[in-house]
Amino acid sequence: GFWMGLLKSIFAHRGGGVGATVSVPVTTTFSSPIPQRPRAIPYPSPNFKSAPGRQVTCVIIHATAGGLHGSLRELSDPKPLTPDKRVSAHYCIDRDGTVYKMVHEEDIAWHAGKSFWQGRPGVNAFSIGIELVNMNDGVDPYPETPLAACAQLTRAICSERGIQPHDVIGHLD
């Protein structure tokens, strides 16, 4: 449904980086050279677990269900109302395409909750989480600029780590 369409539109941004419009099938594999990552502004979150040497095998695209400032605050809040509600993501992408790096990719961010993918539980341990600033209400559109930034970042991550497009999933997956 909706998430598959969003993911297909992300992968349609193949080629020259932010704003590229040449489309390819979603089944295309990523090949060298490794795409350049978009510039990311550090916005560190204390909500992570150190995991040197972890194997990342998928990327999860999320919607923040809120605006930028509230989302960054929530994703970096070390003391939410209840301790089990600490959340984070590796990246957060604003509506203008600005990428915020919140957790190092070598560490485990807390974005997927209790989850499993392809029979493996605890998806946070083997995934990279990317949040797109969006109300996620089915009405709020996903503008071209953040989708292009997400596509560029996702392609780079996948190329660097050998992740296939079918392992780039939406949160609902």
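1. Gly53 counts as exposed, at 70% relative accessibility. This glycine sits in the loop that joins β2 (48-49) to β3. Its C-alpha atom is separated by 9.0 Å from that of Asp107, although the two residues are 54 apart along the chain. Like everything below, these values come from a predicted model.

2. On the overall layout: the chain has 173 residues, and 47% of them count as buried. Its secondary structure comes to 3 helices and 10 strands. Read from the N terminus, the order of elements is α-β-β-β-α-β-β-β-β-β-β-α-β.

3. Helix α3 covers residues 144-161, which makes 18 residues. From its first C-alpha to its last it reaches 26 Å, close to the 26 Å expected at 1.5 Å a residue. The helix is largely enclosed by the rest of the structure, because 14 of its 18 residues are buried. Gly162 follows α3 and has a positive phi, near 70°.

4. The largest nonpolar core is made of 19 residues. Val59, Ile93, Ile130 and Ile157 have the most contacts inside this core. At least two core residues come from each of β3, β4 (91-93), β9 (127-132) and α3. Of these contributors, α3 gives the most, with 6 residues. Helix α3 therefore appears in two roles in this note, as a largely enclosed element and as the main supplier of the core.

5. Why are there 0 disulfides in the count? A disulfide needs two cysteine sulfur atoms within 2.5 Å. For Cys58, the closest cysteine sulfur is that of Cys158, 9.5 Å away, which is too far for a bond. Seen from Cys158, the closest cysteine sulfur is in Cys58, again at 9.5 Å. Both side chains belong to buried residues: Cys58 has a relative accessible area of 0%, and Cys158 has one of 1%.

6. The largest pocket holds about 350 Å³ of space. It is lined by 20 residues, and those closest to its centre are Ala63, Thr64, Glu74, Leu75 and Glu131. Two elements, β3 (58-63) and α2 (68-75), each supply at least two residues of the lining. The most comes from α2, with 4 residues. By class, the lining has 8 nonpolar, 10 polar and 2 charged residues.

7. About 160 Å³ of space lies in the second largest pocket. Its lining consists of Glu74, Asp77, Pro80, Pro83, Asp84, Lys85, Arg86, Val87 and Trp110. Sorted by class, these are 4 nonpolar and 5 charged residues, with no polar ones. Glu74 is named for both pockets: it lines the second largest and is among the residues closest to the centre of the largest.

8. Strand β3 deserves a separate remark, since it turns up in several of the points above. The loop holding Gly53 lies between β2 and β3. The strand supplies at least two residues of the nonpolar core, and at least two of the lining of the largest pocket.

Conventions: Residues are numbered from 1 along each chain as its sequence is written. This is a predicted model: local features need pLDDT of at least 70, side-chain atom pairs count only at pLDDT 80 or more; totals for chains, interfaces and linings use all residues. Side-chain values use heavy atoms; hydrogens and water are left out. Buried means under 20% relative accessible area, exposed over 50%, partly exposed in between (1.4 Å probe, protein chains only). The expected span of a helix is 1.5 Å times one less than its number of residues. On a 1 Å grid over the protein atoms alone, a cavity is a set of points where a 1.4 Å probe fits but cannot get out, and a pocket is an open set with protein on both sides within 12 Å along at least five of seven lines; lining residues have an atom within 4 Å of a point. Grid points are joined across faces, edges and corners, and a volume is the space filled by probe spheres set on the points. Ala, Val, Leu, Ile, Met, Phe, Trp, Tyr, Cys and Pro count as nonpolar, Asp, Glu, Lys and Arg as charged, and the others, Gly among them, as polar. A nonpolar core is a set of buried Ala, Val, Leu, Ile, Met, Phe, Trp, Tyr and Cys residues joined through side-chain atoms within 4.5 Å.
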